[in-house]
Amino acid sequence: MQTKVVKIDSANIDEAAMKEACDLIRAGELVAFPTETVYGLGGNALDPQASMKIYAAKGRPSDNPLIVHIADLNALVPIVKEVPEKAKILAEKFWPGPLTMIFEKSDLVPLETTGGLNSVAVRFPSDPIAAELILQAGGYVAAPSANTSGRPSPTTAQHVEEDLGDAIEMIIDGGPVGIGLESTIVDFTEDVPVVLRPGYISLEMLQEVL
């Protein structure tokens, strides 16, 4: 399979190309796209088969949870059991942005997406191409970094093509990403929030807000 690469300018989004990408995700296929951190490998987060395709393309163990990307704060409520007050504070300060938060999941999110866990990791990216893709593709896109496991996270479409070309349907080339560092992950499933992965948002920045 020849992977299709389409260039999309964030300042002037090509509606036809975007629709094609979103139709692929709605049909259960995979599309790589830019976020402000790194390029993500996107599939429908509510489709168990799409999540399994992501694991297969990356060569990633299927018990390693995928991050669900949203582009509207209201989209958080249906996929989690509750949003703690401290999480709301962080969302207000850092979303959209490079912050991932983990909550108890609702039944809407398949276990295939969460690596068999009863919790779900959620992020609201600030990249305009990512936001448009998520909204048009149904509101919930699972998207780990678009590289095979063990390889560096990609910051350009070329990196994705070299690594995953032929394994996925489409790559959206939105140019180099801004940050190039993974999102910070904060776990809200315990009484005290815990930073599971440091990233662009530092522990000091989080402590300042909470």
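Here are four short exercises, with worked solutions, on the helices, strands and salt bridges of this structure.

The model is predicted: local features need pLDDT of at least 70, side-chain atom pairs count only at pLDDT 80 or more, and totals for chains, interfaces and linings use all residues. Residues are numbered from 1 along each chain as its sequence is written, and side-chain values use heavy atoms, with hydrogens and water left out.

**Exercise 1. Check the length of helix α1 and find which of its residues are buried.**

Step 1. Helices (H or I, at least four residues) and strands (E, at least two) are DSSP runs, numbered from the N terminus. Helix α1 covers residues 15-26, which is twelve residues.

Step 2. The expected span of a helix is 1.5 Å times one less than its number of residues. For α1 that gives 16 Å, and the end C-alpha atoms are 16 Å apart, so the two agree.

Step 3. Sort by accessibility: buried means under 20% relative accessible area, exposed over 50%, and partly exposed in between (1.4 Å probe, protein chains only). The buried residues of α1 are Ala17, Met18, Ala21, Cys22, Leu24 and Ile25.

Step 4. Looking down the axis of α1, these buried residues fall within an arc of 155°, so they line one face of the helix. The arc is that of the directions from the helix axis to the C-beta atoms. Exposed Ala16 and Arg26 sit on the face turned away from the buried side.

Step 5. Now look for partners, with contact meaning heavy atoms within 4.5 Å. The buried residues of α1 pack against β1 (4-7), β2 (31-34), β3 (39-44), α5 (128-136) and β8 (170-173).

**Exercise 2. What is found at the start of α1, and what follows this helix?**

Step 1. At the start, a side-chain oxygen of Asp14 comes to within 3.0 Å of the backbone nitrogen of Ala16.

Step 2. After α1 comes Gly28, with a positive phi near 90°.

**Exercise 3. How many salt bridges does the whole structure hold, and where do Lys19, Glu36 and Lys88 find their partners?**

Step 1. Set the criterion: a side-chain nitrogen of Lys or Arg within 4 Å of a carboxyl oxygen of Asp or Glu. The search finds eight salt bridges.

Step 2. Lys19 pairs with Asp23, their closest N and O atoms being 2.7 Å apart. These residues are four apart in α1, about one helical turn. Lys19 is partly exposed at 48%, and Asp23 is partly exposed at 37%.

Step 3. Lys88 meets Glu85 at 3.1 Å, N to O. Both lie in helix α4 (residues 85-94), three residues apart. Why do such spacings suit a helix? An α-helix has 3.6 residues a turn, so residues three or four places apart point the same way.

Step 4. Glu36 pairs with Arg123, the closest N and O atoms being 2.8 Å apart. Glu36 lies in the loop between β2 and β3 and Arg123 in strand β6 (residues 119-123), so the pair ties together parts 87 residues apart in sequence. Glu36 is buried at 9%, as is Arg123 at 2%.

**Exercise 4. Which strands pair with β3, and in what sense?**

Step 1. Two strands pair if DSSP finds at least two bridges between them.

Step 2. β2 and β3 run antiparallel, joined by four bridges, and a hairpin of four residues connects them. Phe33 has Gly40 as its bridge partner.

Step 3. β3 also pairs with strand β7 (residues 141-142), antiparallel, over two bridges. Here Gly43 stands opposite Ala142.

Step 4. Six of the six residues of β3 are buried, so this strand is largely enclosed by the rest of the structure.

Definitions and conventions. Polar contact = N/O pair within 3.5 Å; in protein donor to acceptor, adjacent residues only side chain to side chain.
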